[in-house]
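I opened the notebook to record what I looked up in this model. The entries follow the order in which I went through it.

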Amino acid sequence: MCGIVGYVGFQNVVPVLIGGLKTLEYRGYDSAGIATIAEDHLHLIRAKGKLRNLEEKINGHTPGSTIGIGHTRWATHGKPEEHNAHPHTDSRGGLAVVQNGIIENYVVLRYDLKDKGHSFNSQTDTEVIPHLIEEALLLERGNLLHAVLRAVRQLEGAFALVIISKEHPGELIAVRQQAPMVVGLGTKENFCSSDAIALVQHTQRILTLKDGEVARLTADSVNLYTFAGKPVHRYAQVLNWNRSQVEKQGFRHFMLKEIHEQPGVIRAALARHLVEDRVELPLPPKFLVGIDRIQIVACGTSWHAALVGKFLLEELAQIPTEVSYASEFRYAPPPMDASTLVLGVTQSGETQDTLSALDVAVKKGCKLLGITNRPESRLGHFIEELGPKRGALLDMGAGIEIGVAATKTFTAQLILFYLVALTLAALRRPEYEQAALLTALTQLPAQLELILDAQLAWITEKAHEVNHLHNFIFIGRGINYPVALEGALKLKEISYIPAMGYPAGEMKHGPIALLDSSCAVVAVAMPGRVYEKVLSNTQEAKARDAVLIGVTPRTALAEDTFDILLPVPEVHELVSPLITTVPLQLLAYFIAAHRGLDVDQPRNLAKSVTVE
Ligand code: G6P
């Protein structure tokens, strides 16, 4: 996790670093720091807590400089204290390093370095790196690139680094090994970062480093090398991102903006993939032929989307489908072979648990279909290397999501699951009539816009009314059970209120013991095969004094059953998750916003989890 940014060029570096770090704070925000070079000195400023603390500390106290590195941290080794914040320096205070990842052999390296007379000021794994480079510089006669290469060959783990040295004031070295690192190409200036998001303010031309590669950046040049020192040639890619995607555009929080972007996300996905009322996905020919089973691996919100996906794949395409937490799958994979399609679902394409699980599946001979919002991610590269017979990638195309709590990317994942399930259904069950479902999908954007326009004030008010409650239980059945899980996750992530998602029918087997007037039961009750069942489950809660909130169409029965109604239109049962999710996102958002919490960057979380 952690965010890294580096710059070398002609601009005053501090605003470039701070601007970049602001867009990267979603990766971690326990502490932050920058290092710059001016007047033959390395200048280091670090602060505990959020970026604004660093900004206050800098407040004009760094001399003008045109080269520097910055870091925002999500603590792994060592508490979030200033002395553990990056950048870390060598014994002479001559070179500075920022790192994202974990150096697994840092304990051994630290002992070795201590024996050689180095002393350490932090509890981090990172601090060994500047000391290793310091040693290597002696052996490489002061050549920074060669010294970094010598040092990284001694490191074990997953890491991305950027290094500057006061003896090399026009040079910046970036390193990638199983953690993201991109280089941004400018004119008489160059950039690097753990996420291209930090660079869109400055350039659209990007070079993505691959694992085991190093880049040497000066103001006028960028050269890539393998860890063995062999030069690498790669063409830049041009991003079609724009600045507005990383701005709030009048919304109080990115999360609220991203909730509002969902109708557009659905519309765009359907426009991309529906051709004359038929689904056409950009997959290699016959990629989905000959599949007997599907295994999905994912984490967090992506795992919830996968549960909806399982329902659709089994119902529409009649393919047995399993969903596993990536972190569990890796160490206990089920039997699989070439007839198993493994679906890896990861918004960021960088979640280490998911990537490790997919590696296990591929080694067992499975085909891999990736679903990601970031095709340039590690998942994208992994699939590219597999080749079109073994791997394919579907781009969610939701645009950059900045809020740590996933919203529009959940919706984008769901849409792709509908389209994959319909594609497989067309192959395996040509008799299945797709028209009704496709019509229902195309009607969704307008229906969601109505909810967002007409009900925003209502949900704000209702969120205020339930703000004092201590405990929320979200219930749903069938295809809306994962929506209950996602509703609970959103609430706990951003409001810190204990919340759980449960299959409605299971409530009586345990959670019912929690119910009293301090507890809310939020029921997702959509007309269809389990509608009456969910309503009767809510009656069990009502009899125990819980406050009942219903995400359901407005009917006399619903008015009578629920204390608070968050009404949604009646839709085709199978598309209902796309409509029922939105009021739950808004409920969580307004509860957290009323509490004055940092909705976009909730405590302890990071948007992309690149450690296991
Ligand atoms: C983190 C984020 C979640 C996300 C999960 C999986 O926990 O905070 O919002 O759902 O990672 O991320 P991925 O990028 O793999 O979908």
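The entries below deal with the ligand, the cavities, the sheet and a few backbone details.

**Entry 1: status of the model.** I note at the start that this is a predicted model.

**Entry 2: ligand surroundings.** I asked which residues come nearest to the ligand. There are 13 residues around the ligand, and Ser302, Thr346, Gln347, Ser348 and Thr351 come nearest. I then looked up which element gives the largest share of this shell. Helix H8, residues 300-316, does so with 3 residues. Sorted by class, the shell holds 4 nonpolar, 7 polar and 2 charged residues.

**Entry 3: polar contacts of the ligand.** I went through the oxygen atoms of the ligand and wrote down three distances. For the side chain of Ser348, an N or O atom is 2.6 Å from a ligand oxygen. For the side chain of Thr346, the corresponding distance between a ligand oxygen and an N or O atom is 2.7 Å. Val404 enters through its backbone, where a polar atom is 3.4 Å from an oxygen of the ligand. I also checked how much of the ligand surface the protein buries. The ligand taken alone exposes 390 Å², and 90% of that is buried by the protein.

**Entry 4: cavities.** How many cavities of 30 Å³ or more does a search of the whole structure find? I have 3 in the list. The largest cavity has a volume of about 200 Å³. It is lined by 20 residues, and the closest to its centre are Ser194, Asp195, Glu350, Arg374 and Glu376. By class, I recorded 6 nonpolar, 6 polar and 8 charged residues in the lining of this largest cavity.

**Entry 5: the open sheet.** I traced an open sheet of 8 strands with antiparallel pairing. Its order is S3-S2-S4-S1-S10-S9-S11-S15. Why is one side of S3 and of S15 left without a neighbour in the sheet? Both S3 and S15 (237-238) stand at the edges and each has a single partner strand, so one side of each has no neighbour there.

**Entry 6: the S3 edge.** I looked at the pairing of S2 (residues 31-38) with S3 (residues 41-48), which is antiparallel and runs over 8 bridges. Ser31 stands opposite Lys48 in S3. S2 and S3 form a hairpin, and 2 residues lie between them. In the turn, Glu39 has a positive phi of about 50°.

**Entry 7: the S15 edge.** I followed the bridges from S9 through S11 to S15. S9 and S11 pair in the antiparallel sense over 3 bridges, and Gly184 has Ile206 in S11 as its bridge partner. Ile206 in turn has Gln237 in S15 as a bridge partner. S11 (residues 205-208) and S15 run antiparallel and are joined by 2 bridges. I also noted that Arg205 stands opposite Val238 in S15.

**Entry 8: backbone details in loops.** I looked up where a cis peptide bond joins two residues, and found His86 and Pro87, with omega about 0°. Pro87 lies in the loop between strand S4 (67-73) and strand S5 (88-89). Gln178 is not a glycine, yet has a positive phi of about 60°. I placed Gln178 in the loop between strand S8 (168-177) and strand S9 (182-185).

Methods. Residues are numbered from 1 along each chain as its sequence is written. This is a predicted model: local features need pLDDT of at least 70, side-chain atom pairs count only at pLDDT 80 or more; totals for chains, interfaces and linings use all residues. Side-chain values use heavy atoms; hydrogens and water are left out. A residue is near a molecule or strand if one of its heavy atoms lies within 4 Å of it. A polar contact is a pair of N or O atoms within 3.5 Å; within protein, one must be able to donate a hydrogen and the other to accept it, and residues adjacent in sequence count only if both atoms are side-chain atoms. Accessible areas come from the Shrake-Rupley method with a 1.4 Å probe; for residues, only the protein chains shown count as cover. Helices (H or I, at least four residues) and strands (E, at least two) are DSSP runs, numbered from the N terminus. Ala, Val, Leu, Ile, Met, Phe, Trp, Tyr, Cys and Pro count as nonpolar, Asp, Glu, Lys and Arg as charged, and the others, Gly among them, as polar. Two strands pair if DSSP finds at least two bridges between them. On a 1 Å grid over the protein atoms alone, a cavity is a set of points where a 1.4 Å probe fits but cannot get out, and a pocket is an open set with protein on both sides within 12 Å along at least five of seven lines; lining residues have an atom within 4 Å of a point. Grid points are joined across faces, edges and corners, and a volume is the space filled by probe spheres set on the points.
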